[in-house]
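The report below is meant to be read beside the sequence and the coordinates. It moves from single residues to strands, and from there to the surface.

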Amino acid sequence: MNIAKTLVLTSLALGASVFINVGCANAGDATPSWSGAYIGANLGYGWDSGKVGLSPSTDVPELQDFLDDIIASGSFPSAISPSAQGVIGGGQAGYNWQLPSGWVVGIEADLQASGISGSKSEARFPEFFDTTSTSVEKKIDWFGTLRGRAGYLVDPQWLVYATGGLAFGETSLSYSEVDVTAGCIPDATICGDHTASGTHAGWAVGAGVETMLAPNWSVKAEYLYVDLGKRAFTAATNTPIDFNVSAKYHEQTARIGLNYHFD
């Protein structure tokens, strides 16, 4: 666990502790109303332990035996895990309906700036072929969600809820291959690089707890799993050998948020 992740998760834990203490102190206050519109901001951390898959191929039949040999020698990794992670932050807005039964239902939209990224290089030293270095980088530049929420008031001031719905965001995937032994020689050694980015749609699901701190103000702690689908491309090299590169974007996030509720 790196220092940034440790600091953010520690802040989340300390913040949650403060919110619990404040919420308990407010337990004797007038019963709040959860119905109506709200707007707020949030800060958290996201991480993704998924791998980037790598598979060399060729359209030239005469090269297939050669490619099979260098694959068998272990010249290239079949997958690399860049361990993407980083700070996230943004804003949210929504609307709640408080039901007489103690249930609260609503809808919420949020938009997040994302520092979730990770890169890794792996060198291979096969016995009968050149040393190679393979590098990958995986990033999420931003993402957002549009979700339904349904929760139960375990106390007039405490709401426990589940949430789920649409997710969308911009993802990026990069790949690079270098022949370390001989360098990049056209039609002789295998070198290449490629980057693909764009917006993807997916889904999100999670759960959280929210408490009223004071009239019109609430704070929440939330876990959200965000699936932004898969990105894949075929990267050409300076030889007739290409690399099929793919990665899934399955992000886990933990965040705290502060909301202002309109009367």
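Is Ser83 buried, partly exposed or exposed? With a relative accessible area of 38%, Ser83 is partly exposed, because that class lies between the limits of 20% for buried and 50% for exposed residues. The model is a predicted one, and every value in this report should be read with that in mind.

**Overall layout**

The protein chain has 263 residues, of which 42% are buried. Its secondary structure comes to two helices and 11 strands, and along the sequence these elements follow the pattern α-β-β-α-β-β-β-β-β-β-β-β-β.

**Loop residues with positive phi**

Most residues other than glycine have a negative phi. Ser83, in the loop between β3 (79-80) and β4, departs from this with a positive phi near 50°. Asp187, which lies in the loop between β8 and β9, likewise has a positive value, near 60°. Asp187 counts as exposed because its relative accessible area is 65%, and the cut-off for that class is over 50%. Another positive phi, near 80°, belongs to Asn216 in the hairpin of β9 and β10.

**Strands β9, β10 and β11**

Strand β9, residues 192-214, pairs with strand β10, residues 217-236, in the antiparallel sense over 11 bridges. Two residues stand between the strands of this hairpin, and within the pairing Val209 has Ala221 in β10 as its bridge partner. Strand β10 also pairs in the antiparallel sense with strand β11, residues 241-261, here over 18 bridges. The hairpin that β10 and β11 form has four residues between them, and Ala235 finds its bridge partner in β11, namely Phe243.

Strand β9 also contains Met212, a residue that counts as buried because its relative accessible area is 3%. The C-alpha atom of Met212 is separated by 8.8 Å from that of Leu159, although the two residues are 53 residues apart along the chain.

**The disulfide**

How many disulfides are found? The count comes to one, and the link joins Cys184 and Cys191, whose sulfur atoms are 2.2 Å apart. A disulfide is a covalent bond between the sulfur atoms of two cysteines. The angle about the S-S bond is -95°, and the link of Cys184 and Cys191 is left-handed. The two cysteines fall into separate accessibility classes: Cys184 is partly exposed at 48% relative accessibility, whereas Cys191, at 6%, is buried.

**Aromatic contacts**

The structure holds nine aromatic pairs, one of which is the pair of Tyr95 and Trp97, with centres 4.8 Å apart and an angle of 50° between the planes. This pair is described as tilted, because its angle lies between the limits of 30 and 60 degrees that mark off stacked and edge-to-face pairs. Another pair, that of Tyr260 and Phe262, is edge-to-face, with 5.2 Å from centre to centre and 85° between the planes. Apart from these two examples, Phe76, Tyr175 and Phe243 form one aromatic cluster, and Phe243 is the residue already met as the bridge partner of Ala235.

The table gives the relative accessible area of the residues in the two pairs, together with that of Trp103, which is taken up again below.

| Residue | Relative accessible area | Class |
|---|---|---|
| Tyr95 | 36% | partly exposed |
| Trp97 | 44% | partly exposed |
| Tyr260 | 28% | partly exposed |
| Phe262 | 44% | partly exposed |
| Trp103 | 43% | partly exposed |

**A nonpolar surface patch**

Which residues form the nonpolar patch on the surface? They are Tyr95, Trp97, Leu99, Trp103, Val105, Ile107, Leu146, Tyr152, Val154, Val160 and Leu166, with about 990 Å² of accessible area together. The elements giving two or more residues to this patch are β4 (84-98), β5 (103-114), β7 (132-155) and β8 (158-179). Trp103 has its place in strand β5, and at 43% relative accessibility this tryptophan is partly exposed. Tyr95 and Trp97, both members of the patch, are also the partners in the tilted aromatic pair described above.

Conventions: Residues are numbered from 1 along each chain as its sequence is written. This is a predicted model: local features need pLDDT of at least 70, side-chain atom pairs count only at pLDDT 80 or more; totals for chains, interfaces and linings use all residues. Side-chain values use heavy atoms; hydrogens and water are left out. Patches are made of residues with over 30% relative accessible area and no salt bridge: like charges are joined within 9 Å, nonpolar side chains (Val, Leu, Ile, Met, Phe, Trp, Tyr) within 5 Å. Accessible areas come from the Shrake-Rupley method with a 1.4 Å probe; for residues, only the protein chains shown count as cover. A salt bridge is a side-chain nitrogen of Lys or Arg within 4 Å of a carboxyl oxygen of Asp or Glu. Buried means under 20% relative accessible area, exposed over 50%, partly exposed in between (1.4 Å probe, protein chains only). Two strands pair if DSSP finds at least two bridges between them. A disulfide is a pair of cysteine sulfur atoms within 2.5 Å. Rings of Phe, Tyr and Trp (its six-membered ring) pair if their centres lie within 6.5 Å; planes under 30 degrees apart count as stacked, over 60 as edge-to-face and the rest as tilted.
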